[in-house]
Structures are given as structure tokens and as C-alpha cells.
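Subject: A structure for you to explore

Hi,

Here is the structure I promised to pass on to you. Have a look at it first, and then read my notes below.

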Amino acid sequence: MLQRKWLPLLLSASLALALSACGANSVAPAEPSKAETPAPKTEAPKKTETTHAAHWSYEGNTGPAHWAELDQTFAACANGTEQSPVDIELTQTKVDKTAVQVELHYQPSAFTLMNNGHTIQANAAAGNGNTITVDGTDYTLAQMHFHHPSENQINGKNFEMEGHLVHKNKDGGLAVVGFLMTAGKENKPLAEMWSKLPKQETKEDVKLEQPVDLPGLVPSTAHAFRYEGSLTTPPCSEHVKWIVLADPIEVSKEQIEAFAAIFPDNHRPVQPLNQRTVVSN
Ligand SMILES: [Zn+2]
């Protein structure tokens, strides 16, 4: 790994020790904090290869309650006012058929798989042509990844898992489509990906042989929620448009267990809504 080569040259012995622990359980060196990347340009300038984001995790003293203390660039994790995920209380959503203007333009597409130490992430090939249109602006799919259990809640309840499709517009703005996942039938569009889930952090992506059937995977937007939120991983950058699809998809108990064996818990707890309103269609 890159950091093993250069850290001892640059850092004191104690810091090197702390960061090599990070390297064992963290993200690809070229672009730290990968689970929800790409980060908006205005919020989190891309790190160069000579910097290293602080190690963070989902438990203990590097867990969600401590993220903001780990690195000054993670400040929004504590002092942000529009953070994700949230609890969507159905009686408190504002129904507005015209406000959830989201169109999905997905087709079966090639992906490569990585384990970035925080999640399993499927990276869409450049120029993959999968876009969504949110309020008239096009966003292109960059990657999808998964959380166990779900991050967003409905009426205070977590689902077994949640998938996030992360999209970026030409100005660097982000829109995430979240889909909830519940135990049921085996999910066929995820079958090949699940047969190749990398158990350890990957240095190189794993290629999938078959295109992933995105239209078959992702439920329609006929019943969806919208809110303004953030990345759910450090640096917790805000101004992320969130679309949470209300109808969960089914995955088998075995598929859930296979993911949970690698990531027993990789969800951030729900954050206060503050002044926000969740809109539904
Ligand atoms: Zn996510």
C-alpha cells in the first residue's frame, strides 16, 4: 500500500503507528473517505496523494459520535444542520406531487467492485450513461454501495440494508438515490456482485462479468421521499440531494448474511431534521 511506503518517512513513530492501523482498514489512497464520494468540490477539496484522511469507523472512539473530532475537515459531522441519514416519519412528511421531480434513466451497466474498508462499493464505468434528472438538472451515476442495517429510517424503523446510488452533476453537486432492502426472495440483479463480495479491503477493483440490471434492481420513483442532506460518511458534506425510494427491494436472508459477515454494522445513526421537511409524492 502506498501509505506503508511513505508514512515512515514523513511521520513520527507514534503517528505512523496510528495511521498504519488506518491503512489496514481504510480507503484507497488516491481518494480518501470513499464511501460516499465523490464529495462536492465546494465542501471537500480532493485530497492529494500526499495527504491522508483520518481513520474513521462505525464503532468505539473512531465511530460516528467522534467523527468530527478525528479531522478538522470532518467538522460538519457534528456542526452540520442538514445531515443524513434521517428518520422519515410518515405523518410528518409533506405530500407534494410536484416537488419530487426525479426521473431515473438507468440501463444494465458494467461495474467493478471494491471493498474500501467501510462498505462494498460498485463503481460505474466512466461514461456509463446512467443519469437521473432532479429538478431539471442531470446527475451521472458514479457508484453504488451498501449499508447494513439501513441508514435512513421510516417511522423510526431501520430496514435490514440500504443501497445508495451516488450521482454527480457537471458542477460537482451530488444526488443520492437510497433504496431500502428487506429480507425476502433472492435478489437476482445483485447475484453476481454478491458472489464476488470482497471480504478484505481491495487494492484493485474486482471485475463483474455481467452487466448489473439497474432497472431491475431499483424500484420506481412512484413513491419516494426527498430531503436536503449530506454524505453519511466523513466529511459529512452537505448540499446533497436525497431521494429515498419508499418501496423496499427484496434480498434473501443469505444475501443479507453474506454482507453482514463482512460489515456487521456500517450505518450512521439518524440525524436531527432541524428545519427540514421531508417531501413525499
Ligand atoms: Zn451510503
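Strand 12 is a good place to begin: it pairs with strand 14 (residues 279-280) in the antiparallel sense, over 2 bridges. In that pairing, Arg226 stands opposite Val279 of strand 14. Strand 12 also pairs with strand 13 (residues 238-251), again in the antiparallel sense, and here there are 7 bridges. If you would like one of these to look for, Gly229 has Val240 in strand 13 as its bridge partner. Strand 12 itself covers residues 224-230, and 6 of its 7 residues are buried.

Please keep in mind that this is a predicted model, not an experimental one.

Now for the overall picture. The protein has 281 residues, and 53% of them count as buried. It contains 7 helices and 14 strands. Among the contacts with a separation of 6 or more, 69% are between residues 24 or more positions apart. The protein exposes about 12,600 Å², and carbon and sulfur atoms supply 53% of that area.

Next, the nonpolar cores. In soluble globular proteins, nonpolar side chains tend to be buried together. The largest nonpolar core here has 37 residues, and the members that touch the most others are Phe111, Met144, Phe146, Leu165, Met193 and Leu214. A second, separate core has 16 residues, including Val176, Leu180, Tyr227 and Ala246. Which residues does Met193 touch, not counting those up to four places away in sequence? They are Leu113, Ala122, Met144, Phe146, Leu208 and Val212.

There is also a disulfide to find. A search of the whole structure turns up 1, and it joins Cys77 to Cys236 with an S to S distance of 2.1 Å. The two cysteines come from distant parts of the chain, 159 residues apart: Cys77 is in helix 4, while Cys236 is in the loop between strand 12 and strand 13. The link of Cys77 and Cys236 is right-handed, with 95° about the S-S bond. Are these cysteines buried or exposed? Cys77 has a relative accessible area of 9%, so it counts as buried, and Cys236 is buried too, at 0%.

Two more residues deserve a visit. Ser84 is in the loop between helix 4 (76-79) and strand 1 (87-88). Ser84 counts as buried because its relative accessible area is 0%. Its side chain makes a polar contact of 3.0 Å with the side chain of Trp242. Leaving aside neighbours within four places in sequence, Ser84 is in contact with several residues, among them Tyr227, Gly229, Ser230, Trp242 and Arg268.

The other one is His267, in the loop between helix 7 (253-262) and strand 14. Why does His267 count as buried? Its relative accessible area is 16%, and the cut-off for buried is under 20%. The side chains of His267 and Asp265 are joined by a polar contact of 2.6 Å. Beyond its neighbours within four places in sequence, His267 is in contact with Tyr58, His147, His148, Pro149, Ser150, Glu151 and Asn158.

Enjoy looking around, and write back with any questions!

Best wishes

Technical notes. Residues numbered from 1 in each chain as written. Predicted model: local features only at pLDDT ≥ 70, side-chain atom pairs only at ≥ 80, totals over all residues. Heavy atoms only, no water. Buried < 20%, exposed > 50% of the residue type's maximum accessible area, 1.4 Å probe, protein only. Helix = DSSP H or I, 4+ residues; strand = E, 2+ residues; numbered from the N terminus. Pairing = 2+ DSSP bridges. Polar contact = N/O pair within 3.5 Å; in protein donor to acceptor, adjacent residues only side chain to side chain. Contact = heavy atoms within 4.5 Å. Core = buried A, V, L, I, M, F, W, Y, C linked by side-chain atoms within 4.5 Å. Areas by Shrake-Rupley, 256 points an atom, 1.4 Å probe, with all protein chains shown as cover. Disulfide = S-S within 2.5 Å.
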